[in-house]
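The following note collects comments on the structure shown below. The points are numbered for ease of reference.

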Amino acid sequence: MLLARRLNVSLASLQAAVPLPVFRETTQRFKTVHPDGSSQLAVAASIGHGLAQMLANAVEHRPPVDSISAASLRQDLLATNSAVSLDSLCGWMWSHGLPVVHVTGWPDGLRRPDAMCVRVGQRPVTMVVRKEQAPARLAYLVAHELGHVMSGHLQAANNAVLVDEALPVDDQRTFSDDDEIEADAFAMTVLGGDLLLSTCRSLLGPRYSELTLAVAALRACRDKPLDAGQVILGWGRLSEDWQLTNMALKYLMTTQSAPVVINDVAKAHIDASALSADGRDHLARLTAMELVS
Ligand SMILES: [Zn+2]
């Protein structure tokens with residue numbers, strides 16, 4: 001039963017005299033770059049599915065928000081925050097019934113996708129898997145997955161799963177399909193839209209060190225509702241000087257690493273008493289979150 005629940009496998013298929021595990025029926029969409037990636041991603045999707053089901057149970061009392069446009073979401077977030085940051089975005093999602101976690105403990109030997117979203121009943125659950133320290137990059141990933149959710153890309157009949165295997169956070173011009181372009185536009189609007197782009201452009205020109213680039217980004221955000229990390233990331237997309245961009249992002253980091261930021265918010269919103277001891281243990285393995293009931 002444990003295996004069936006954790007891996008979204010049919011229990012009957014495990015109980016047969018000669019067990020032959022069969023995944024429960026889901027509608028899976030894989031945004032894969034490798035033609036042979038789908039079998040690995042099917043396993044990834046099943047892990048995501050088991051985790052999503054558990055997270056959905058932990059917020060059962062909170063109905064998920066209906067669809068919201070990127071512009072309204074940004075407005076909503078800026079009503080209580082000076083900029084859209086990773087923690088404010090995750091906090092908003094949890095308090096609107098949309099769980100989001102970082103799958104820190106991805107199983108060894110299994111291809112690590114960047115992110116996925118799963119619909120459990122009517123509730124979308126977002127999982128970020130990519131290993132990344134900079135909050136600005138994971139904020140983009142979270143906003144992108146939310147873009148898939150809000151644009152209706154999970155509207156299949158059966159427990160839909162969407163896996164983004166390799167999401168180009170640094171160069172979105174490589175997106176080729178409509179869903180990706182739509183989710184990207186949603187993310188960029190939430191994170192700052194035209195204001196973000198014009199601010200990043202205004203920083204082009206001077207020669208920077210990581211210190212002066214970080215300071216210039218912070219200064220540019222002083223009177224604007226923008227996150228300095230997004231400004232540096234946007235500057236990186238325009239200048240393509242990724243070495244300096246990454247150093248400046250590191251210089252800017254005053255919070256914990258991005259996965260910890262995501263899971264600290266999650267921990268504050270999960271009702272641990274709604275999970276079984278086994279569920280808490282499973283969650284701890286996958287997210288490094290220690291919950292006490
Ligand atoms: Zn995507």
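**Comments on the metal site and backbone**

1. His 148 has a relative accessibility of 0% and therefore counts as buried. This value, like the others in this note, comes from a predicted model.

2. His 148 contributes its NE2 atom to the coordination of the zinc ion. The other donor residues are His 144, also through NE2, and Asp 164 and Glu 180, with two entries each, OD for Asp 164 and OE for Glu 180. The coordination distances run from 2.1 to 2.5 Å.

3. The arrangement of the six donor atoms is irregular, because the angles they subtend around the zinc ion range from 54 to 136 degrees. For six octahedral donors, the ideal angles at a metal are 90 or 180 degrees.

4. Along the chain, the zinc donors follow the spacing H-x3-H-x15-D-x15-E. The pair His 148 and Glu 180 links distant parts of the chain, 32 residues apart: His 148 lies in helix α6 (residues 135-150) and Glu 180 in helix α7 (residues 178-191). Glu 180 also counts as buried, because its relative accessibility is 5%, under the 20% limit.

5. Glu 240 is a residue other than glycine with a positive phi, near 60 degrees. Glu 240 sits in the loop between α10 (228-239) and α11 (242-252). With 49% relative accessibility, Glu 240 is classed as partly exposed.

6. Ala 288 likewise has a positive phi without being glycine, with a value near 65 degrees. Ala 288 belongs to the segment after α13 (277-287). Its relative accessible area is 55%, so Ala 288 is exposed.

Note on methods: Residues are numbered from 1 along each chain as its sequence is written. This is a predicted model: local features need pLDDT of at least 70, side-chain atom pairs count only at pLDDT 80 or more; totals for chains, interfaces and linings use all residues. Side-chain values use heavy atoms; hydrogens and water are left out. Donors are N, O and S atoms within 2.8 Å of the metal (3.2 Å for Na, K and Ca); water is not among the atoms, so sites may look incomplete. Four donors count as tetrahedral if all angles lie between 85 and 135 degrees; four count as square planar and six as octahedral if opposite donors are over 155 degrees apart and all others between 65 and 115; anything else is irregular. Helices (H or I, at least four residues) and strands (E, at least two) are DSSP runs, numbered from the N terminus. Buried means under 20% relative accessible area, exposed over 50%, partly exposed in between (1.4 Å probe, protein chains only).
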